[in-house]
Amino acid sequence: MEEILYVKVEQNIPVAKRELTLKDVATLYCTNKKVVQTLEKADFYTLPENAPQKTMFTIGKVYEAIHKTYPNIEIENIGERDFIIDFEKPDKKEKSKLYEYIKTIFVSLIVFFGAAFTIMTFNEDVSVSEVFDKVYLMIMGTAKKGGSILEIAYAAGLPLGMLVFYNHFRRRKIKDDPTPIQVEMCTYEEQVNKAMIKTASREGKTIDVN
């Protein structure tokens, strides 16, 4: 029976070296383990010194590297047809933790004040205080004087609702589902990758078979 090699390539592949093997860019599976072991060590591509950080490839380049070792093997692609090699210099991974903390604090402050501004604007537009006054009057039969349980519940419910919505409390996740931010970031990353791949293809910068 003819061997079938299954190849899976992700859309964006971060690497920290220039001499790439097939194992660095693809996940290989075959009933013949020797085939996989041999191909994982096979050379795929060497990024030149002047190469950009992100280089676009087609799956044909992977096929070409495989067929250099096994010319007659049947290949089944179960991954992406076009993909990006994202070269990260070793020193880039060793960024100062202080810089990362400052960046995180800066983004957190923007999100915090932006959310606070949005909530205050919403409250002013619908006049929440007047709504509370009317609800209190309908239930209790007397006009509200000062604060009440409605304001306390509203003030406690806002941060609690944010914790449940963003699905995080400190470092622990409340649920196993990805948070809305994680979903949006994945969607954004996927759209960026597709845009880069299409742009490189139109400009003829995608690396294909020779």
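## A salt bridge between two strands

In this predicted model, D86 and K54 form a salt bridge, and their closest N and O atoms are 3.0 Å apart. D86 belongs to strand β8 (residues 82-87) and K54 to strand β6, so the pair ties together parts that are 32 residues apart in sequence. Side chains of opposite charge can pair when their charged atoms come close.

Are the two partners buried or exposed? D86 counts as buried because its relative accessibility is 8%, which is under the 20% cut-off for that word. K54 has a relative accessible area of 27%, so this residue is partly exposed. The link between the side chains of D86 and K54 also counts as a polar contact, at 3.0 Å. Leaving aside residues up to four places away in sequence, D86 touches N12, I13, P14, V15, Q53 and K54.

## Other salt bridges

How many salt bridges does a search of the whole structure find? The search finds 8. One of them joins the side chains of D24 and K17, with 3.2 Å from N to O. D24 has a relative accessible area of 24% and is partly exposed. K17, with a relative accessible area of 39%, is partly exposed.

A further pair is K205 and E203, whose closest N and O atoms are 3.2 Å apart. K205 has a relative accessible area of 56%, so K205 is exposed. E203 has a relative accessible area of 47% and is therefore partly exposed.

## The two sides of helix α2

Helix α2 covers residues 33-40, and V35, V36 and L39 in this helix are buried. Seen down the axis of α2, the buried residues fall within an arc of 95°, so they line one face of the helix. Which residues are exposed on the other side of α2? They are K33, K34 and Q37.

The buried residues of α2 are covered by other elements, including β1 (4-8), α1 (22-25), β4 (27-29) and α3 (59-69). At the N-terminal end of α2, N32 acts as a cap. A side-chain oxygen of N32 lies 3.1 Å from the backbone nitrogen of K34.

## K61 in helix α3

K61 is found in helix α3. Its relative accessible area is 7%, so K61 is buried. The side chain of K61 makes a polar contact with the side chain of E64, at 3.1 Å.

What does K61 touch, not counting residues up to four places away in sequence? The contacts of K61 are F44, Y45, I207, D208, V209 and N210. K61 can also be placed relative to V36. These two residues are 25 residues apart in sequence, and their C-alpha atoms are 17 Å apart in space.

## T58 in strand β6

T58 lies in strand β6. With a relative accessible area of 11%, T58 is buried. When residues up to four places away in sequence are not counted, T58 touches R81, D82, F83, T206, I207 and D208. I207 and D208 appear among the contacts of T58 and also among those of K61.

## P48 in a loop

Where does P48 lie? P48 is in the loop between β5 (43-46) and β6 (54-58). The relative accessibility of P48 is 34%, so P48 counts as partly exposed. P48 and E19 are 29 residues apart along the chain, and their C-alpha atoms are separated by 9.2 Å.

## A nonpolar patch on the surface

Which residues form a nonpolar patch on the surface? The patch is formed by Y101, I105, L109, F112 and F113. Together, these residues have about 590 Å² of accessible area.

L109, one of the patch residues, sits in helix α5 (residues 97-126). L109 has a relative accessible area of 43% and is partly exposed. A residue can belong to such a patch because its relative accessible area is over 30%, and L109 at 43% fits that cut-off.

Methods:
Residues are numbered from 1 along each chain as its sequence is written. This is a predicted model: local features need pLDDT of at least 70, side-chain atom pairs count only at pLDDT 80 or more; totals for chains, interfaces and linings use all residues. Side-chain values use heavy atoms; hydrogens and water are left out. Patches are made of residues with over 30% relative accessible area and no salt bridge: like charges are joined within 9 Å, nonpolar side chains (Val, Leu, Ile, Met, Phe, Trp, Tyr) within 5 Å. Accessible areas come from the Shrake-Rupley method with a 1.4 Å probe; for residues, only the protein chains shown count as cover. A salt bridge is a side-chain nitrogen of Lys or Arg within 4 Å of a carboxyl oxygen of Asp or Glu. Helices (H or I, at least four residues) and strands (E, at least two) are DSSP runs, numbered from the N terminus. Buried means under 20% relative accessible area, exposed over 50%, partly exposed in between (1.4 Å probe, protein chains only). The arc is that of the directions from the helix axis to the C-beta atoms. Contact means heavy atoms within 4.5 Å. A polar contact is a pair of N or O atoms within 3.5 Å; within protein, one must be able to donate a hydrogen and the other to accept it, and residues adjacent in sequence count only if both atoms are side-chain atoms.
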